[in-house]
Amino acid sequence: MSPDPETLATVISNETGLEFTGSTGTDDEGHRWIALTPADHDPTHTFAIRIRLEWRRLSIGFESGKFAGPLLEAMSDAEKDARAVFRSVMQDCEQHGAVITIQPNGKDHSYGDNDMWNEAWNRLTFGIRKGNIELGAEDGIPDGQLVREWTSRFVAAVVALLPLEEHEPSDVEGFPEAAIQKVTVNRYERDRRNRSAALAIHGCSCTVCGMNFEDSYGLAAAGFIEIHHVVPVSEVAENYVIDPRYDLAPLCSNCHSVAHRRSPPFTIEELRGFLAKRDTQTS
Ligand SMILES: [Zn+2]
Ligand SMILES: [Zn+2]
């Protein structure tokens, strides 16, 4: 199954909370590409994410617009938390076998380099390549799924560095009305960048019960899941830098509500235990 740009744009928009438009074409070498660009923005002032599908190889790159200087400068000025999320997602990409290229102002860096942030960026080469991938295979993981997983990771890294504007808590946290009153919505969970990173790393299925909104409700619910902070924010220090790999967990609305029936919340293991107990009782 070949990935289509509209579906990919929908999924990535849902995951990141930023609206993307998808397009597709073929390059000089005959390789198919898909591009995602922020919707309702002049592309020359923003960027495109270009995904190239080659034989057994996938490459995804950040392409800045001609007049994206201010955006790049803002990205190089990303705060400590944002850089930590960026690194965390990059680490996840590396663990999954991707080769990462990052060259701010034409200088080669590793994603963990601290001095990468020392000077303002005026140009940026940034991309990942994943070889030995089952792209185009008749059986195995469908192309669409592979493209989606990798695009999700790459976009989460980009989103981590974007200057984000204030937004409504409801569209990010995704709490049901009743839960909003009970749960102290905090600046960590509210953060769109953390959400994208958590989904890129953990996927969109519930960590406790495995429920996947898209499987149940179709494309309208693709990329939807609530993000739970494993350690209650009230218990972490003010300057604590969260790591989406360990501190955040995607939960379905049911499991999330139950988690917060207690304060501090039930742990993932406890919640899984409840379901296991139910399963043994009913069988
Ligand atoms: Zn669940
Ligand atoms: Zn929560």
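## Notebook: rings, sheet and zinc

I started with charges over rings: Arg-50 lies over the face of Trp-33, and I get 4.4 Å from the ring centre. Note to self: this is a predicted model, and every value here is computed from it.

I then looked for another case. Arg-153 sits over the face of Trp-150, at 4.5 Å from the ring centre.

**Sheet**

Back to Trp-33, this time for its place in the sheet. What does Trp-33 stand opposite in S3? I find Arg-52 there. Strand S2 covers residues 32–38, and its pairing with S3 is antiparallel, over 5 bridges.

Zooming out, I traced an open sheet of 6 strands in the order S1-S2-S3-S4-S6-S5, with antiparallel pairing. Which strands stand at the edges? I noted S1 and S5 (99–104); each has a single partner strand, so one side of each has no neighbour in the sheet. From one strand to the next, the twist averages 15°.

Next I checked what packs on the sheet. Helix H1 (residues 5–16) lies across S1, S2 and S3, and runs at about 145° to S1. Helix H2 (residues 69–76) touches S3, S4 (57–64) and S6, and its direction makes about 110° with that of S4.

**Aromatic pairs**

I searched the whole structure for aromatic pairs and got 9. I wrote up Phe-20 with Phe-47: the pair is edge-to-face, 6.5 Å centre to centre, with 65° between the planes. Phe-20 lies in strand S1 (residues 20–26) and Phe-47 in strand S3 (residues 47–54), so this pair ties together parts 27 residues apart in sequence. Buried or exposed, these two? Both Phe-20 and Phe-47 are buried.

I also took Phe-86 with Phe-126. Their ring centres are 5.7 Å apart and the planes are at 50°, so I logged the pair as tilted. Phe-86 is in helix H3 (residues 80–95) and Phe-126 in strand S6, so the pair links distant parts of the chain, 40 residues apart. For burial I have a relative accessible area of 0% for Phe-86 and 4% for Phe-126, and both values fall under the 20% that counts as buried. Following the rings outward, I found that Phe-86 and Phe-126 belong to one aromatic cluster with Trp-117, Trp-121 and Phe-154.

**Gly-131**

Just past S6 I stopped at Gly-131, in the loop between strand S6 (124–130) and helix H4 (143–161). Gly-131 is partly exposed, with a relative accessible area of 29%. Which residues does Gly-131 contact, leaving aside neighbours within four places in sequence? I get Arg-56 and Arg-57. I also checked Glu-54, which is 77 residues from Gly-131 along the chain; their C-alpha atoms are separated by 9.3 Å.

**Zinc**

Last stop was the zinc ion (ligand 2). Its protein donors are His-228 (ND1), His-256 (NE2) and His-260 (NE2), 2.1 to 2.3 Å from the ion. Along the chain I read the donor spacing as H-x27-H-x3-H. His-228 lies in strand S7 (residues 226–229), while His-260 is in the loop between helix H10 (253–259) and helix H11 (268–282), so the pair ties together parts 32 residues apart in sequence. I compared their exposure too: His-228 is buried, at a relative accessible area of 2%, whereas His-260 is partly exposed, at 22%.

How values were computed:
Residues numbered from 1 in each chain as written. Chains lettered and ligands numbered in written order. Predicted model: local features only at pLDDT ≥ 70, side-chain atom pairs only at ≥ 80, totals over all residues. Heavy atoms only, no water. Donors = N, O, S within 2.8 Å, 3.2 Å for Na, K, Ca; no water. Helix = DSSP H or I, 4+ residues; strand = E, 2+ residues; numbered from the N terminus. Buried < 20%, exposed > 50% of the residue type's maximum accessible area, 1.4 Å probe, protein only. Contact = heavy atoms within 4.5 Å. Phe/Tyr/Trp six-rings, centres within 6.5 Å; stacked < 30°, edge-to-face > 60°. Lys NZ or Arg CZ within 6 Å of the ring centre and 35° of its normal. Pairing = 2+ DSSP bridges. Axes fitted to C-alpha atoms, helices over the stretch in contact; angles between N-to-C directions.
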